[in-house]
Amino acid sequence: MAYTQPASAQERRIGVIPHAPLLKTAVPDTANQEVAVYHVEYEPGGINPRHLHPAAVTFHILSGTGIWQEEGKPPVTLRAGDSLLVPAGTTHAHWNPSATEKLRFLEFIVAEKDKGRSIPKPLKD
């Protein structure tokens, strides 16, 4: 599967979100579930390369334009006000195609405690 990520992706990778979530709390009446909400900002050309999450993730765009691509599917362009659900275990990548504008979005994850973050996957040959 060839992704259509920008050629400069190697230089502008985004991995771990370096700040605390806006919200991270236990889900009431569950044994070990938590909800986390992250505010994410990608600089122009920023990318989160091929990865997956062990839990479903919902993305909601606040400003800018982003491209999400699930493995085996064509890329999807999202703009301010758009949302997208990526099912648990789905390999995907997302990036900011703009050369001038930042991309800002919220990321919502409900998962087992401390198990919702991304797991990098190397690009296929």
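1. A residue is called buried here when its relative accessible area is under 20%. In this predicted model, Phe-59 counts as buried because its relative accessibility is 0%. Phe-59 lies in strand E4, and since this residue recurs in the points on the core below, the note takes the overall layout of the chain next and then comes back to Phe-59.

2. As to the overall layout, the protein chain has 0 helices and 10 strands, and the order of elements from the N terminus is accordingly β-β-β-β-β-β-β-β-β-β. Of the 125 residues in the protein chain, 38% are buried. Among the contacts in the chain with a separation of 6 or more, 72% are made by residues 24 or more positions apart, and several of the residue pairs listed below, such as Phe-59 and Phe-105 with their positions 46 residues apart in sequence, can be read with that in mind.

3. Which residues touch the most other members of the largest nonpolar core? Among its 16 residues, they are Phe-59, Ile-61, Trp-68, Leu-103, Phe-105 and Ile-109. Four strands each supply at least two residues of this core, namely E2 (33-42), E4 (57-63), E7 (83-86) and E9 (103-112).

4. The surroundings of Phe-59 deserve a careful look in the viewer. Setting aside residues up to four places away in sequence, Phe-59 touches Trp-68, Asp-82, Ser-83, Leu-84, Val-86, His-92, His-94, Phe-105, Leu-106 and Glu-107. One of these partners, Phe-105, is 46 residues from Phe-59 in sequence, while the C-alpha atoms of the two are 6.7 Å apart in space.

5. Val-57 also has its place in strand E4, and Val-57 counts as buried because its relative accessibility is 0%. When neighbours within four places in sequence are left aside, Val-57 is in contact with Leu-84, Leu-85, Val-86, Glu-107, Phe-108 and Ile-109. Val-57 and Val-86 are 29 residues apart along the chain, and a distance of 5.3 Å separates their C-alpha atoms.

6. Is Trp-95, in strand E8 (residues 92-95), buried or exposed? Trp-95 counts as buried, because its relative accessibility is 2%. The C-alpha atom of Trp-95 is 4.1 Å from that of Ile-47, although the two residues are 48 apart in sequence.

7. Two buried residues with polar side chains can be checked together with their partners. Asn-48, in strand E3 (residues 47-52), is buried, with a relative accessible area of 9%, and the side chain of Asn-48 makes a polar contact with the side chain of His-51 at 3.4 Å. Gln-69, in strand E5 (residues 65-70), is likewise buried, with a relative accessible area of 2%, and its side chain reaches the backbone oxygen of Lys-73 at 3.1 Å.

8. How many cavities of 30 Å³ or more does a search of the whole structure find? The search finds 2, and the largest cavity has a volume of about 70 Å³. The residues lining the largest cavity are Lys-24, Glu-34, Val-35, Ala-36, Tyr-38, Ile-109, Ala-111, Glu-112, Asp-114, Gly-116 and Arg-117. By class, this lining consists of 5 nonpolar, 1 polar and 5 charged residues. Strands E2 and E9 each supply at least two of the lining residues, and E2 gives the most, with 4 residues. Ile-109 is thus listed in this lining, and Ile-109 is also among the core residues that touch the most other members.

9. A last point concerns the backbone at Asp-29, which lies in the loop between strand E1 (23-26) and E2. Phi of Asp-29 is near 65 degrees, which is a positive value in a residue other than glycine. Most residues other than glycine have a negative phi. Asp-29 counts as exposed because its relative accessibility of 83% is over 50%.

Note on methods. Residues are numbered from 1 along each chain as its sequence is written. This is a predicted model: local features need pLDDT of at least 70, side-chain atom pairs count only at pLDDT 80 or more; totals for chains, interfaces and linings use all residues. Side-chain values use heavy atoms; hydrogens and water are left out. Buried means under 20% relative accessible area, exposed over 50%, partly exposed in between (1.4 Å probe, protein chains only). A polar contact is a pair of N or O atoms within 3.5 Å; within protein, one must be able to donate a hydrogen and the other to accept it, and residues adjacent in sequence count only if both atoms are side-chain atoms. A nonpolar core is a set of buried Ala, Val, Leu, Ile, Met, Phe, Trp, Tyr and Cys residues joined through side-chain atoms within 4.5 Å. Contact means heavy atoms within 4.5 Å. On a 1 Å grid over the protein atoms alone, a cavity is a set of points where a 1.4 Å probe fits but cannot get out, and a pocket is an open set with protein on both sides within 12 Å along at least five of seven lines; lining residues have an atom within 4 Å of a point. Grid points are joined across faces, edges and corners, and a volume is the space filled by probe spheres set on the points. Ala, Val, Leu, Ile, Met, Phe, Trp, Tyr, Cys and Pro count as nonpolar, Asp, Glu, Lys and Arg as charged, and the others, Gly among them, as polar.
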